[in-house]
Amino acid sequence: MKRKNIILCILVGLLSASCNESEFLKEVPEDFMSSDNSYITTADFDMAVNGLYYSIRKEFYGVDENTPFDYIYGTDLVFDGEPGTSNRHGNMVAAYNPTGNIPKAHWDYLYKLISDANVIIGRVAATDFSEEEKTLYVAKSRFFRGMAYRTLAYLYGGVPLVLEEISTPKTDFVRATKEETLRQALDDVKFAAENLPDITAVKDGEVSSPAAYHLLSELYLALGMDQEAVNAASEVIDNPAFGLMKTRFGSRATEIPGDVYWDLFRMNNQNRSAGNTEGVWVIQFETNLPGGGSSTADLKLDGNYMLERHCAPMTRDVKLRVTQPDGTIKDYSPFLWPIGDYTGGRGIGWGISTQYFSNTIWESDFDNDIRNANHNFVRKFAVNNPEFKAEFPDIDTIDVDNPPANLIVGQGSSMTIPGRYLYAYQTKCTTPYNHPSELYLNASIWELKSIAGTTYVDQYMFRLAETYLLRAEAYLNLNDKTKAAADINVVRERAHANPVDPADVDIDYILDERMRELGIEEKRRLTLMRMGKLYDRVMKCNPYYANPETNGDGIGMQEKYNLWPIPYSAIEANTDAVLEQNPGY
């Protein structure tokens, strides 16, 4: 009984203290970061802006091994080499289900970016920074917020607009229209374009006024404001700091085979500090540096951009099947795997190039367009297995377009060529003969460890060649095919391709030229959804997704997929208002 009385007295004392001293339970942080002592110094805000860069890199390049590639799968560019799951859009009904991971993951990451940008915009106003400093922080934050709303609008249509920091629970969001969402993105990016410094005044990888004008041109196109799109793109093209690279440069400029297009994608060649005047905005990766985004220690580490893993073939399972004199059958492997040469490193063949991408678009310039040279778009794979070379000295390459009759692919069974184990692929997804030294199991033959598969190269988010193609699109919309063709031909001339005649320029030609120039570098889904052309192009160019009767129920493209569904988790949590679903879901 005495013990109970003591406990009761303690509780009464605590309650009395909380009633008499309202601050009793209020925690006052003094030696750790919290919402009360953050966002005070310029160092605080610099760290917050760094967080925006991190979120962009994560969304588009490194959240996990699959999510960044939602921007190329299910388009006219590639198809799934390992069908049966929704991870790579192999089953579209499952991939785009409102309860599925694909629409939810991008919704959540993009709104996280918006939320973080809103915090910076709101809190910088209360600082004693100079007006110039405040404007710069707001411009950076509005660039990222505008990019997030642009991406949401292309993927989902109209979405809720959140323009201030939310500090209490909110469950009554409503959707703006798609045009309202795009106009908000445009307002943000226009402010950034007018207030960010020129690219000559920023570090490699920092956003700049030209990067904002590039994005602004795209947004004007999305809103049908074509002359404004021309003007914004011209702000970049006419800037003397920029120019297409036309001569060999950079870390491997003397290497043969090679050309200036190949040089664009070699290690350490993407930034202005390397003499590259073509990168408008380059996403930075620093290997094995905390926060750098890439690691050689763990294939699936958060941040690794696994473009090699997805888009290079898995040549391990290519065999030449030969009947021996005694009637037995023996399989010979022309390729060692994984080898860091032009066979694709440790690719596993998930992102197979469509025939339209690898062959059709090159027909008029197959041999002279340098972007289609074998060191840029591999079709003839050099044999690298010494035992095979000794057995078959006359076979030095395996040609995807003309394979030996007795070539088989897969785990001992016949499969389609091109298919997961052998197909034409772009070498911009890998670094032949130039992987990080830590990844070599046997450097003398370029043999890689099993944890290879990441592409250890800075990535172009915006490149000047694309700016020309954006302006060409705007000129086409203005019915000025002559100027549209002139911009396209600037890009084609660098590639040694034949010029296009103005009469032949239409939107499909521009989409084809974007495919030739940008390929797997482009976030293709955003381009096609911006134009409302996803369904049309997939039906025209990608039989894998266009023919559900061939590939199984659920795979086939449907017109409703021009927009993704609003995630069910967002609808369900929004209990005090209706968050309307997109049609057809």
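**Overall fold and one helix pair**

Student: How many helices and strands does the protein have?
Tutor: In this predicted model, the protein has 20 helices and 15 strands.

Student: And what is its radius of gyration?
Tutor: The radius of gyration is 27 Å, close to the 25 Å that the globule rule gives for 585 residues, so the protein is as compact as a globular protein of that length.

Student: What does the C-alpha trace span along its principal axes?
Tutor: The span is about 100 × 70 × 50 Å.

Student: What share of the residues is buried?
Tutor: Of the 585 residues, 56% are buried. As for contacts between residues at least 6 apart in sequence, 69% join residues at least 24 apart.

Student: Changing topic to helices α14 and α15: where do they lie in the sequence, and at what angle do they cross?
Tutor: Helix α14 covers residues 481-494 and helix α15 covers residues 507-517. Their axes come within 11 Å and cross at roughly 30 degrees. Angles under 35 degrees count as roughly parallel, so α14 is roughly parallel to α15.

Student: Is the crossing left-handed or right-handed?
Tutor: The crossing of α14 past α15 is left-handed.

Student: Which residues make the contact?
Tutor: Helix α14 contributes Ile488, Val491, Arg492 and Arg494. From α15 come Tyr509, Ile510, Glu513, Arg516 and Glu517.

Student: How does that contact break down by class?
Tutor: The contact of α14 with α15 has four nonpolar and five charged residues, and no polar ones.

Note on methods. Residues are numbered from 1 along each chain as its sequence is written. This is a predicted model: local features need pLDDT of at least 70, side-chain atom pairs count only at pLDDT 80 or more; totals for chains, interfaces and linings use all residues. Side-chain values use heavy atoms; hydrogens and water are left out. Axes are lines fitted to C-alpha atoms, for helices over the stretch in contact, and angles run from 0 to 180 degrees between N-to-C directions. Helices (H or I, at least four residues) and strands (E, at least two) are DSSP runs, numbered from the N terminus. Angles under 35 degrees count as roughly parallel, over 145 as roughly antiparallel, 65 to 115 as roughly perpendicular and the rest as oblique. A crossing is left-handed if the near helix is turned anticlockwise from the far one by less than a right angle, and right-handed if clockwise. Contact means heavy atoms within 4.5 Å. Ala, Val, Leu, Ile, Met, Phe, Trp, Tyr, Cys and Pro count as nonpolar, Asp, Glu, Lys and Arg as charged, and the others, Gly among them, as polar. The radius of gyration is taken over C-alpha atoms; the globule rule is 2.2 Å times the number of residues to the power 0.38. Buried means under 20% relative accessible area, exposed over 50%, partly exposed in between (1.4 Å probe, protein chains only).
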